[in-house]
Amino acid sequence: MELTINGSRHQVDIEPDTPLLWVLRDELGMTGTKYGCGLAQCGACTVLVDGQATRSCVTPVESVAGSEIMTIEAITEDPVGQKVVEAWVSNQVPQCGYCQSGQVMAATALIKQSPRPSDEDIAGAMINLCRCGTYNAIAAAVRQAAEA
């Protein structure tokens, strides 16, 4: 099966129902995408599939063949992703950092879809869990990235 990830083509010999997360981490060594709950609830595994925030832990790899997949490893190659990362650093968002790759991916998808998100848009889109409770800093960083 051929996958396009971060602009590069990858051939993988894997069962079609294997979650994308495990292909990224175990087969391709892209460990920036994290395993959190395995139930698509926490968002630590968020990647972009054709620009949409997608929970990779429950996404069968066969469903994304032919799609453009972006992981945290390439986020700064995207102009919006670069702004999000800069805002994350400027606002010192991470504490433990475990959820942050998924948070950055979700924020990038939001700003790509809604370049000037309202506070309601941010609250509706930024639903990934953060056990450290950095939600106010996350929202501030999203607002800053959207204004940049």
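Which residues is Val84 in contact with, leaving aside its neighbours within four places in sequence? In this predicted model, Val84 touches Val104, Ala107, Thr108, Ile111 and Ala145. Val84 is also one of the residues with the most contacts inside the largest nonpolar core, a group that further contains Trp88, Met126 and Val142. This core has 23 residues in total. Two or more residues are given to this core by each of the helices α2 (79-90), α3 and α5 (135-147). Helix α3 provides the largest share, 7 residues. A second core, separate from the one just described, consists of 12 residues, including Leu3, Met30, Val47 and Val49.

The strands form an open sheet. Five strands make up this sheet in the order β2-β1-β5-β3-β4, and their pairing is mixed. At the edges lie β2 (8-11) and β4 (52-55), each of which pairs on one side only. On average, neighbouring strands of the sheet are turned by 40° against each other when direction is ignored. The pairing between β1 (residues 2-5) and β2 is antiparallel and extends over 4 bridges. Within the β1 and β2 region, Thr4 stands opposite Arg9, the latter residue being in β2.

Helix α3, formed by residues 100-113, connects the description of the core with that of the sheet. This helix lies across three strands, namely β3 (46-49), β4 and β5 (68-70). Its direction is at about 35° to β3. Helix α3 is thus placed across part of the sheet and gives 7 residues to the largest nonpolar core.

Terms used:
Residues numbered from 1 in each chain as written. Predicted model: local features only at pLDDT ≥ 70, side-chain atom pairs only at ≥ 80, totals over all residues. Heavy atoms only, no water. Pairing = 2+ DSSP bridges. Axes fitted to C-alpha atoms, helices over the stretch in contact; angles between N-to-C directions. Contact = heavy atoms within 4.5 Å. Core = buried A, V, L, I, M, F, W, Y, C linked by side-chain atoms within 4.5 Å. Buried < 20%, exposed > 50% of the residue type's maximum accessible area, 1.4 Å probe, protein only.
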